[in-house]
Amino acid sequence: MSPPHMPLSADPASFPVQPPADLNDPAMLVAHDQAAFDAVESMVDHWARPGWTPQTRVYYWMLTFPDHPELAALARQCQRDLAPLGLDPVPDNGLHITLARIGSPITLSPNSLDDLIGAATPLLPPAFRLQAVPLAGSRGAVRLSVAPWVPVVALHAALSDAMDASGLPPRKATAGFRPHLSVAYNNRPRPAAPVIETVTALRGCSPVELPIQEVQLVELRREGRVYRWDVVKSLPLG
């Protein structure tokens, strides 16, 4: 398995482009995320992504939170203040941290998924805890920061190793991974300043603790302007 201290690197396709200097210090991670969002001048439509249709289905590795009332309450608190902006709120059962895209059911057989699950199981790192901290964003979403990054990066690296071993290289290398948890998606081009102003006022909200004990392999789809998924397999962390 790739070492948990694997360095991250600058990646123009990631946000923030530059990784934080310290992957463990929550205060530094949160400040890095917030500074990156505060520098955004304009936002883009999150849903304007080529290749996605109502029929599209894609396998992903994700961390999901179906039974976490404290996280749902924090997301709803943020969404209430964001409501005048007309963003698309993430429903309670849609809160997640995306880890890695695996591929399409059109090209991947059930046997391929079984092989991937078998390769991933012995590589998974131990269970860990995260904090979800208000509030930052990207060009296409408003999101909670998560901290620390080290265990999430280690998990991404383990899943990447499993995918490589199964002949399914991930679309994004671990060096460009930036963990986050979206609470609302932007649905049209707009100046970022009004969103940043609202987000800044929510940064005094208390963070919540997230126990991470499993990782999910899901089949993802869109229903309107909401992500939905079916869990194919939930794997306990080591």
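What is the order of the strands in the open sheet of five strands? I looked this up in what is a predicted model, and I noted the order 3-7-6-5-9, with antiparallel pairing.

**Entry on the sheet edges.** I next looked up which strands stand at the edges, and I found strand 3 (88-89) and strand 9 (208-212) there. Each has a single partner strand, so one side of each is left without a neighbour in the sheet. For strand 3 I followed the pairing with strand 7 (residues 181-185), which is antiparallel and runs over two bridges. Within strand 7, I found Ala-184 as the bridge partner of Pro-89.

**Entry on the core.** I then turned to the largest nonpolar core, which holds 77 residues, and I wrote down Trp-61, Leu-99 and Val-215 as those that touch the most other members. Helix 4 (residues 150-165) gives the most to this core, with seven residues. I picked Leu-99 and listed its contacts, leaving out residues up to four places away in sequence; among them are Trp-61, Met-62, Val-152, Leu-155, Phe-177 and Val-215.

**Entry on the cysteines.** How many disulfides does a search of the whole structure find? I noted zero disulfides, and I wanted to know why Cys-78 and Cys-205 are not bonded to each other. The sulfur of Cys-78 has its closest cysteine sulfur in Cys-205, at 5.1 Å, which is too far for a bond, because a disulfide needs the two sulfur atoms within 2.5 Å. I also looked up whether these two are buried or exposed: Cys-78 is buried, with a relative accessible area of 0%, and Cys-205 is buried as well, with 13%.

Technical notes: Residues are numbered from 1 along each chain as its sequence is written. This is a predicted model: local features need pLDDT of at least 70, side-chain atom pairs count only at pLDDT 80 or more; totals for chains, interfaces and linings use all residues. Side-chain values use heavy atoms; hydrogens and water are left out. A nonpolar core is a set of buried Ala, Val, Leu, Ile, Met, Phe, Trp, Tyr and Cys residues joined through side-chain atoms within 4.5 Å. Buried means under 20% relative accessible area, exposed over 50%, partly exposed in between (1.4 Å probe, protein chains only). Helices (H or I, at least four residues) and strands (E, at least two) are DSSP runs, numbered from the N terminus. Contact means heavy atoms within 4.5 Å. Two strands pair if DSSP finds at least two bridges between them.
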